[in-house]
Amino acid sequence: MSRFIPRIALNILLTCALLLTSLPTIFTPQKIRAQNSSPDFDFTHLTTADNDLPIPSSSVQQTASLILDIDKDGVNDFVIASRRPPPGPSLVWYRRTIDDWERYVIDSEPLDIEAGGDYWDIDGGGDLDIVMGGDSRSNQIWWWENPAPNFSPNTEWTRRLIKNSGGNKHHDQIFGDFTGDGKVELAFWNQYAGLSNGQVRIIE
Ligand SMILES: [Ca+2]
Ligand SMILES: [Ca+2]
Ligand SMILES: [Ca+2]
Ligand SMILES: [Ca+2]
């Protein structure tokens with residue numbers, strides 16, 4: 001489970017960085033020194049508001065982010081999920097280039113994606129695939145097949161259904177070996193599945 005710890009921390013940092021884009025009057029300096037960190041360690045604040053990054057979607061609700069190395073070049077990329085309204089790409093990734101971030105569309109269709117998401121090589125093809133779950137308007141969980149090495153900014157990934165029944169709302173998913181048999185399962189919350197606080201379910 002140790003692999004999840006740094007990734008979760010990075011996800012939190014990324015989410016905070018994206019949230020900060022809505023607070024330009026507070027965080028106008030481009031360099032933000034991290035509290036309680038080495039004096040030589042700085043964050044660089046990039047924002048779509050200043051065109052440092054392309055906007056992810058016409059949607060005004062960016063609900064989930066993931067950090068993973070999609071193209072397997074040894075450098076992390078990141079994913080942004082959005083939900084309606086208004087319509088727009090529901091899932092994009094930002095590919096790290098030598099000195100910039102390039103936006104690639106994973107899925108142009110509008111989906112009601114909830115906060116959460118995770119990644120794993122679901123099909124065993126040697127590249128990391130992505131999972132997201134539906135919000136309170138959706139009973140679906142989806143996964144997208146990484147098309148590596150055939151990437152282009154407008155080449156969308158194949159989306160497949162993991163769940164299309166039962167209760168709505170799936171706020172968080174995570175891959176792990178929860179049964180201790182050496183094989184990875186997918187666990188997810190299903191908040192509207194019937195119990196007062198929803199249910200945690202595991203799919204092998
Ligand atoms: Ca990469
Ligand atoms: Ca794969
Ligand atoms: Ca693949
Ligand atoms: Ca297992």
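This report describes the strands of a predicted model and how they pair.

## Overall make-up

The chain holds one helix and 13 strands. The helix comes at the start of the pattern, and the strands follow it along the sequence.

Of the 204 residues in the chain, 28% are buried. Contacts between residues at least 6 apart in sequence were also sorted by separation: 42% of them join residues at least 24 apart.

## Strands β4, β5 and β6

Strand β4 covers residues 77-83 and strand β5 covers residues 91-96; the two run antiparallel and are joined by four bridges. One residue pair in this pairing is Ala-81 with Leu-91, the latter lying in β5.

Strand β5 also pairs with strand β6, residues 101-107, again in the antiparallel sense, and six bridges link the two. Here Arg-96 stands opposite Trp-101 of β6. The connection from β5 to β6 is a hairpin of four residues. Strand β5 thus has β4 as a partner and β6 as another.

## The sheet β7 to β10

Strands β7, β8, β9 and β10 form an open sheet in that order, with antiparallel pairing. The edges are β7, residues 118-120, and β10, residues 158-164; each has a single partner strand, so one side of each is left without a neighbour in the sheet. From one strand to the next, the twist averages 25°. In general, the strands of a sheet pair through backbone hydrogen bonds, in either a parallel or an antiparallel arrangement.

At the β7 edge, three bridges connect this strand to β8, residues 129-133, and the two run antiparallel. Asp-118 has Val-131 of β8 as its bridge partner.

## Strands β11, β12 and β13

Strand β11 spans residues 173-176 and strand β12 spans residues 185-190; they pair in the antiparallel sense over four bridges. In this pairing Gln-173 stands opposite Phe-188, a residue of β12.

Strand β12 pairs with strand β13, residues 199-203, as well; this pairing is antiparallel and has five bridges. Asn-190 is matched with Gln-199 of β13 as its bridge partner. Strand β12 therefore takes part in a pairing with β11 and in one with β13.

Technical notes
Residues are numbered from 1 along each chain as its sequence is written. Chains are lettered from A and ligands numbered from 1 in the order in which they are written. This is a predicted model: local features need pLDDT of at least 70, side-chain atom pairs count only at pLDDT 80 or more; totals for chains, interfaces and linings use all residues. A residue is buried if 20 or more other C-beta atoms lie within 10 Å of its own, exposed if 12 or fewer, and partly exposed in between; C-beta atoms are placed from the backbone. Two residues are in contact if their C-beta atoms, placed from the backbone, lie within 7 Å. Axes are lines fitted to C-alpha atoms, for helices over the stretch in contact, and angles run from 0 to 180 degrees between N-to-C directions.
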